[in-house]
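Reader: I should like to request a close look at a single part of this structure, with an account of how that part is connected to what surrounds it.

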Amino acid sequence: MGLRISDWLTRAYSGVGQSEIRNPKSKIVMQLDIITPDRKVFSGEASSVTFPGSEGQFQVLNDHAPLVSTLARGPVTVVTATGQQMFTVDGGVVEVLRNKVLVLAEAVLAA
Amino acid sequence: MANLKEVRNRIVSVNSTQQITKAMKMVAAAKLRRAQDAITQMRPYAQKLSEMLGTVSAGAESATDSPYKQARPVQNVLMILVTSDRGLCGAFNTNVAKAAVARINEQYADQARRGTVQVMAIGKKGAEAMARRGFTVNTNHVNTFGNLSFSTVREAAEEAMDGFVKGQYDVVEVVYNEFRNVATQIIRVEQMLPIVSTPAPAGVTANVNYIFEPGEEEIVTELIPKTLKIQLYKAVLESNASEHGARMTAMDKATDNAGELLKELKLIYNRTRQAAITKEILEIVGGAEALSSN
């Protein structure tokens with residue numbers, strides 16, 4: 001989802017991310033948490049996450065609409081400021097709400 | 001009065017026993033901390049999962065009927081006993097076995113007479129206790145605590161759930177120790193299957209318009225088995241923490257008792273030694289007197 005000017009203005013006024021004002025091209029990040037019953041696998045900011053949805057792969061970017069989806073077994077690709085990371089989840093669910101992405105997976109096979 | 005050497009040997013052996021119990025207590029304390037950490041690690045997952053189930057089922061139109069909710073006339077019973085693999089933890093394991101037997105006697109006496117009560121043991125001690133009482137015990141998941149993680153518990157849960165869906169069991173109950181604090185464990189008997197439907201907590205009705213992918217009902221059917229597995233995992237983690245708590249208190253008491261015993265033994269030792277010295281002096285004095293009177 002591209003960043004529209006109106007979005008950008010609201011963001012600037014609400015004081016989110018001063019750096020964005022200076023550099024509108026830099027991506028606004030989402031908070032991503034990947035948790036399993038045993039541990040927190042990932043917690044941090046990401047600019048894009050790709051999921052193996054049970055109905056096909058999909059990508060979540062900043063300001064995604066609220067979503068709950070089940071996941072199939074497959075790779076979750078996370079793009080962070082420092083690079084790309086991949087986790088293989090063994091099924092699970094993902095919830096996207098107000099730039100918070102929460103992945104509940106029963107097992108993360110490989111990081 | 002006891003012989004000096006005997007008392008000395010006993011003191012040495014009690015001393016080394018005390019060292020062992022002290023070490024075991026310390027080990028249990030360290031393991032307890034880790035077990036509690038595991039519980040806190042699991043909590044956000046469990047919480048989020050039930051929250052999600054709440055929001056999704058609030059959105060789902062019809063009450064979804066899941067195969068796990070099917071209540072049938074009870075023919076076959078599965079009791080899952082969560083105990084420990086090791087002993088030396090007080091009445092921890094006995095309590096679970098006792099509670100399970102009591103539950104079977106009061107609720108499933110008929111089934112027990114027909115021999116349709118089955119036991120699945122998570123933890124070796126529970127398997128042994130129930131086998132002694134003449135139950136058929138499924139020991140597929142006995143060694144869970146060596147390397148406790150969700151994946152091992154998940155297998156046990158899946159086996160129970162499969163059995164329920166296939167009609168091998170009509171009711172599945174879990175008996176375990178709930179962790180209250182280091183000194184207190186509370187025995188819990190929980191029905192795992194069929195799911196006892198709790199009314200959805202009011203106020204969580206979706207005020208956010210979620211996109212559901214693939215659909216509310218599908219997500220609910222996907223989430224329900226997950227919550228079941230988490231329910232069992234929670235029971236196992238609670239039991240694990242309880243086990244280490246129970247062992248800690250048991251070993252603490254044992255260390256105290258050994259201390260008492262040592263005190264008594266030392267008293268006896270000193271008395272015996274004193275008596276021996278007195279006797280020796282008397283003998284010497286007696287001997288000297290006999291010499292001087294000559």
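Of the contacts in chain A with a separation of 6 or more, what percentage is accounted for by residues 24 or more positions apart? After that, please examine strand E2 of chain B and the contact between the two chains.

Author: The model is a predicted one. In chain A, 43% of the contacts with a separation of 6 or more are between residues 24 or more positions apart. Chain A contains two helices and eight strands, and along the sequence these follow the pattern α-α-β-β-β-β-β-β-β-β. Of its 111 residues, 26% count as buried.

We may now turn to strand E2 of chain B, which covers residues 117-122. A residue is counted as buried when 20 or more other C-beta atoms lie within 10 Å of its own. Six of the six residues of E2(B) are buried, so the strand is largely enclosed by the rest of the structure. The burial applies to both of its faces: Val117(B), Val119(B) and Ala121(B) point one way, Gln118(B), Met120(B) and Ile122(B) point the other way, and all are buried.

The strand also has partners. Strand E1 of chain B, residues 77-82, runs parallel to E2(B) and is joined to it by six bridges. Within this pairing, Ile122(B) of E2(B) has Val82(B) opposite it. Strand E3 of chain B, residues 136-138, is likewise parallel to E2(B), and three bridges join the two. Here Gln118(B) has Thr136(B) of E3(B) as its bridge partner. Helix H4 of chain B, residues 124-132, belongs to the same arrangement, for E2(B), H4(B) and E3(B) make a right-handed β-α-β unit.

There remains the contact between the chains. It takes 21 residues from chain A and 26 residues from chain B. On the side of chain B that touches chain A, at least two residues come from each of helix H1 (4-59), helix H5 (150-166), strand E6 (211-213) and helix H6 (216-293). H1(B) gives the most to this side, with eight residues. By class, the same side of chain B has 16 nonpolar, four polar and six charged residues.

Strand pairing also links the two chains. Strand E5 of chain A, residues 67-80, runs parallel to E6(B), and three bridges join them. In this pairing Ser69(A) stands opposite Glu213(B).

Methods: Residues numbered from 1 in each chain as written. Chains lettered and ligands numbered in written order. Predicted model: local features only at pLDDT ≥ 70, side-chain atom pairs only at ≥ 80, totals over all residues. Buried ≥ 20, exposed ≤ 12 C-beta atoms within 10 Å, placed from the backbone. Helix = DSSP H or I, 4+ residues; strand = E, 2+ residues; numbered from the N terminus. Pairing = 2+ DSSP bridges. Right-handed = clockwise from strand over helix to strand, strands pointing away. Contact = placed C-beta atoms within 7 Å. Nonpolar A, V, L, I, M, F, W, Y, C, P; charged D, E, K, R; others polar.
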